[in-house]
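Thanks, everyone, for making the time this morning. Please have the sequence and the coordinates open while I talk, and stop me if anything is unclear.

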Amino acid sequence: ILRVAAPVTFGSLHMGEVVARYLDDHPHVSIAVSLDDRYVDLQSAGIDVAIRIGKLPDSDLVARRLAPCRMAICASPAYLSREGTPKGPEDLRGALRLAFNEAVSVPEWTLTDKKNRDHVIDGPLRMQANNMQMLLSAVLAGVGIAYGPTFVFGQDIKAGNLVRLLPDYRTAELTINAVYPTARYVPSKVRQFIDYLADAYRDEPPWDR
């Protein structure tokens, strides 16, 4: 049995096909996947490999970079028609903002302009949730403006269901990593599974293409 842990939304949206392909090629391996947005101690939980996004805390875990995690600010066409389209960061401060409230290492809403000046967007939130798919549903319904990873919002931006805002400003870019306990001997099932993940995502992952 290969035991895998991953964040809820990333795992549910982007790991199923990789897991299926790995199982097809490795008929003698079974996989148990645990989806949770909280960090778990791999050794005490018996996890072989975990997907972690953003800055990694100091630990004795080995990390392998799988893909970039780009951030986006977006809203539905219906919301923008009703409330207007923000022209600059200052317009976001009074907007109806939606946020994920259990981020471990995702930074505050920060936009960087062409002169490398950072604009931090703070103030009250219209809605908070501890589940990114809930935020996706809310922003699609026109509740407000959301900030989060393109692996959540990218497909709907490409489809025109959401509009990416302030494209002339840069947002944060984090890293999607596979981590596993330090050991002299890494089981082949772990090494091979991480290879499958890295091959599937790469530097330009499917949700950003």
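Let me begin with a question: which side-chain oxygen reaches the backbone nitrogen of Q133 at the start of α6? In this model, which I should say at once is a predicted one, that oxygen belongs to N131, and it comes to within 2.9 Å of the Q133 nitrogen.

Staying with α6, which spans residues 132-140, the buried residues are M132, L135, L136, A138 and V139. Because these residues cover an arc of only 165 degrees around the axis, they sit on the same side of α6. The general background is that an α-helix has 3.6 residues a turn, so residues three or four places apart point the same way. As for what covers the buried residues of α6, the list includes two helices, α1 (8-14) and α7 (150-159), together with the strands β4 (61-75), β5 (97-100), β8 (127-129) and β9 (145-149). Just after α6, G142 adopts a positive phi, with a value of about 85 degrees.

Some of those covering strands also pair with one another, and β5 is a good place to look. β5 and β9 run parallel and are joined by 2 bridges, while β5 and β8, which are parallel as well, are joined by 3 bridges. L98 takes part on both sides, since its bridge partner in β9 is A146, and in β8 L98 stands opposite M127.

Let me turn to the cysteines. How many disulfides does the structure hold? The count is 0. C69 is in no disulfide, and the nearest cysteine sulfur, that of C74, lies 13 Å away, whereas a disulfide would need the two sulfur atoms within 2.5 Å. C74 is likewise in no disulfide, its nearest cysteine sulfur being that of C69. With a relative accessibility of 2%, C69 counts as buried, and C74, at 0%, counts as buried too.

That leaves the charged side chains, where a search of the whole structure finds 11 salt bridges, and I will go through three of them. In one, R21 is paired with E17, with the closest N and O atoms 3.6 Å apart. Both R21 and E17 belong to helix α2 (residues 16-25), and they are 4 residues apart, about one turn of the helix. R21 counts as partly exposed at 32% relative accessibility, and E17, at 62%, counts as exposed.

In another, D113 and R117 meet through their side chains at 2.8 Å, N to O. Is D113 buried or exposed? D113 is buried, with a relative accessible area of 6%, while R117 counts as partly exposed at 46% relative accessibility.

The remaining one joins R70 to D208, with the closest N and O atoms 2.7 Å apart. This pair links distant parts of the chain, since R70 is in strand β4 and D208 is in the segment after α8 (188-201), with their positions 138 residues apart. R70 is partly exposed, with a relative accessible area of 23%. The pair also belongs to a network of salt bridges in which R70, E173, E204 and D208 are linked.

I will stop there, and I am happy to take questions.

Terms used:
Residues numbered from 1 in each chain as written. Predicted model: local features only at pLDDT ≥ 70, side-chain atom pairs only at ≥ 80, totals over all residues. Heavy atoms only, no water. Buried < 20%, exposed > 50% of the residue type's maximum accessible area, 1.4 Å probe, protein only. Arc of directions from axis to C-beta. Contact = heavy atoms within 4.5 Å. Polar contact = N/O pair within 3.5 Å; in protein donor to acceptor, adjacent residues only side chain to side chain. Pairing = 2+ DSSP bridges. Salt bridge = Lys/Arg side-chain N within 4 Å of Asp/Glu carboxyl O.
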